[in-house]
Amino acid sequence: MHTFLQQLAGLIGPAHILTEPADTAPYTLDWRRRYQGAPLAVALPGSTAEVAELVKLCRAHQVAIVPQGGNTSTCGAATPDGSGRQLIVALRRLRQIRQIDTDNDTLTLDAGATLQEAQQAAEAAGRLFPLSLASQGSCQIGGNLSTNAGGVAVLRYGTMRELTLGLEVVLPDGRILSQLSGLRKDTTGLDLKQLFIGAEGQLGLITAATLKLFPQPAAHATAMVGVDGIETAIAWLNALRARFGDRLTAFEVIDRNCQQVLLRHHPKLMPFSAPWLVLIELSDGGDAALLNDSLVEWLSRRDMSDGVVAQNETERRKLWRLREEISESQRLDGPSIKHDIAVPTSALPALVNDCAAALEADFPAIRIVAFGHAGDGNLHYNVSYTRPGNVDLFDDEAAVNAIVYDHVYRLGGTLAAEHGVGQLKKDWLARYKDPVALALMRQLKQALDPDGLMNPGKWL
C-alpha cells in the first residue's frame with residue numbers, strides 16, 4: 001500500500017491524504033456512534049478530475065472506496081470496515097457553487113457543498129431550495145443524493161429524487177458521466193441519474209448536481225395543535241389538503257412519549273402536551289396576514305385539546321426548533337432501536353395502533369417514541385426500554401425489528417424512507433425487498449462495478 005499512497009499523493013497532494021489516527025478519527029465513526037472502521041487513509045480530492053484519477057488508481061491497485069460527505073449517516077453507510085484496506089474519499093473540498101440560473105430556476109453545485117450552503121445560495125438569488133433537515137449545517141449534497149433525503153417539506157416539494165435535474169458522477173472505472181443539464185423534459189432514453197440517487201455510493205461517486213429551485217415564499221402560516229389520536233391527525237391532513245392544496249408545505253406529528261423526551265431536555269420549548277401534537281405549515285407567495293387568517297379560521301372549526309398559531313417569524317422558528325431538537329434530545333435520553341419507516345398515509349393509524357399492541361404483548365415494559373413526516377407517511381418509530389431498566393436493549397433488536405417491519409410491509413410500506421440502508425438494514429432489506437427488484441439492483445452493481453470496489457460491505 002505504500003506505493004499506492006505515494007501515487008495518490010502525487011495525484012491530490014500529500015497534504016490532502018490523512019493517515020494518522022488522530023487525523024482520520026473524525027471520519028471513522030458514524031453519527032450514532034454505532035459503527036467504527038479503520039481506513040487505509042482519508043483522501044480529500046479537490047476537483048472532479050482528481051476524483052476520476054483517484055478512482056482509476058484505486059481500481060488499478062484494487063483498493064476499495066468508501067465515499068463520505070458530512071458523515072451524518074444514521075445507518076453506517078459512510079463508515080469503512082475494520083480491515084485497514086478501504087480508502088475513505090471525503091468531498092469536503094468540492095463545494096463550489098458552479099451556476100445559478102434564475103430564469104431556469106436551477107442551481108448547479110459541487111457534491112461537497114453542505115445543504116445549508118445550497119439553501120443560502122438559492123436565497124441570495126431570491127429563490128428557495130426546499131430540502132430541509134436537522135443536519136443541514138453539516139450534511140452534504142452528495143450524501144443527500146446518495147440516500148435520497150427527504151426532510152420536512154416532501155409533502156409539497158418531494159425528495160431529492162424529485163429535486164434533481166442532473167448529475168455528474170465518477171463511475172467505478174474512472175470515467176466521468178456528465179449530465180448536469182437543467183432540462184425538465186428529456187426523452188432521449190433512460191434517465192441515468194436515477195441509478196445513482198439512493199445508491200449510497202455503491203454504483204459511482206457523485207461529484208456535482210443540478211437542482212431545482214422554487215420561488216421564495218413570501219408568507220408562512222404555522223401552527224401547533226393537540227389532537228386525541230393519530231386517526232384525527234390523518235383526517236386533518238386530508239382536510240387541509242382539500243382546503244389549501246399545495247400551500248400545505250409540512251405536516252409533522254409528535255406522540256406523547258416523544259413530548260416527554262422533549263420536556264426533559266427542552267422544557268421551555270414545549271407550549272403544551274397532548275396525546276399527539278401536529279405541526280402544520282402553509283406557505284405561499286401572497287399576503288402573510290391573509291394566509292395566517294385562513295389557517296386560524298380553518299382551525300377554529302376543529303376540535304383540539306390546545307393549539308398555538310405563530311404570530312411572527314420568531315414564534316415560527318421556535319415551533320420548528322421544537323421539531324428539530326427531537327433527534328438530539330432522544331440521543332441524550334439514551335439508546336433506542338430506530339426505525340425510519342413509511343407506509344401510505346391512509347395506513348398510518350393501523351401501523352401505529354397495531355404495531356404498538358404487538359410490541360407491548362411481547363415487551364410489556366416497552367416505550368415507543370414516534371414522530372415525523374405524517375404528510376408523506378414517514379414515521380421515525382423508535383423503541384427503548386424493552387425491559388425494566390433498559391437492560392440489554394439491543395439483545396431485543398432483532399425481535400423488535402421483525403415485529404415492526406412485518407407490520408410495515410403488511411401495510412405496503414418500506415423499512416427505509418429517507419435515511420438509507422447502509423450497514424444497519426442490509427440483512428433486513430434482503431428479507432423484505434422484492435427479490436426480483438433486489439436481483440436487478442445487484443445486476444446493475446455487477447455491470448458498473450464488477451470488482452466490487454465502490455462502498456463494499458453495504459446492502460449491495
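## A guided tour of selected side chains

Begin by selecting arginine 34 and glutamate 397, which form a salt bridge whose closest N and O atoms are 2.6 Å apart. Arginine 34 sits in the loop between helix H2 (21–28) and strand E2 (41–43), and glutamate 397 in helix H15 (residues 397–410), so the pair ties together parts that are 363 residues apart in sequence. The model in the viewer is predicted. With a surface displayed, compare the two partners: arginine 34 is partly exposed, at a relative accessible area of 40%, whereas glutamate 397 is buried, at 12% relative accessibility.

Next, select glutamate 117 and arginine 95. These two residues form a salt bridge, with 2.7 Å between the closest N and O atoms. Because glutamate 117 belongs to helix H4 (residues 115–124) and arginine 95 to the loop between strand E4 (86–90) and strand E5 (97–101), the pair ties together parts that are 22 residues apart in sequence. Glutamate 117 counts as partly exposed, at 26% relative accessibility; arginine 95 also counts as partly exposed, at 38%.

Proceed to helix H13 (residues 326–333), where arginine 331 and glutamate 328 both lie, 3 residues apart, or about one turn of the helix. Their side chains meet in a salt bridge of 2.6 Å, N to O. Arginine 331 is partly exposed, with a relative accessible area of 43%, and glutamate 328 is partly exposed, with 28%.

Now select Glu281, Glu313, Arg316 and Arg317 together; a network of salt bridges links these residues. In total, the structure holds 21 salt bridges.

The next selection is glutamate 200, in the loop between helix H8 (193–196) and strand E10 (205–212). Side chains of opposite charge can pair when their charged atoms come close. What is the nearest side chain of opposite charge to glutamate 200? That side chain is lysine 458, at 8.1 Å, and glutamate 200 is buried yet has no salt bridge. Select tryptophan 459 as well: a polar contact of 2.7 Å joins its side chain to that of glutamate 200. To display the wider surroundings, add Ala77, Ser146, Thr147, Gly420, Val421, Gly422 and Asn455, which, along with Trp459, are in contact with glutamate 200 when neighbours within four places in sequence are left aside.

Then move to isoleucine 176, which is located in strand E9 (residues 176–179). This residue is partly exposed, and its relative accessible area is 42%. Which residues does isoleucine 176 touch, not counting those up to four places away in sequence? They are Thr48, Ala52, Glu168, Val169 and Val170. A distance monitor may also be drawn from the C-alpha atom of isoleucine 176 to that of alanine 90: the separation is 18 Å, and the residues are 86 apart along the chain.

The final stop is an internal space. The count comes to 1 cavity of 30 Å³ or more, and the largest cavity has a volume of about 30 Å³. To locate the largest cavity, select its lining residues: Arg59, Pro172, Asp173, Leu448, Asp449, Pro450, Asp451 and Leu453.

Technical notes: Residues are numbered from 1 along each chain as its sequence is written. This is a predicted model: local features need pLDDT of at least 70, side-chain atom pairs count only at pLDDT 80 or more; totals for chains, interfaces and linings use all residues. Side-chain values use heavy atoms; hydrogens and water are left out. Helices (H or I, at least four residues) and strands (E, at least two) are DSSP runs, numbered from the N terminus. Buried means under 20% relative accessible area, exposed over 50%, partly exposed in between (1.4 Å probe, protein chains only). Lys and Arg count as positive and Asp and Glu as negative; His and the chain ends are not counted. A salt bridge is a side-chain nitrogen of Lys or Arg within 4 Å of a carboxyl oxygen of Asp or Glu. A polar contact is a pair of N or O atoms within 3.5 Å; within protein, one must be able to donate a hydrogen and the other to accept it, and residues adjacent in sequence count only if both atoms are side-chain atoms. Contact means heavy atoms within 4.5 Å. On a 1 Å grid over the protein atoms alone, a cavity is a set of points where a 1.4 Å probe fits but cannot get out, and a pocket is an open set with protein on both sides within 12 Å along at least five of seven lines; lining residues have an atom within 4 Å of a point. Grid points are joined across faces, edges and corners, and a volume is the space filled by probe spheres set on the points.
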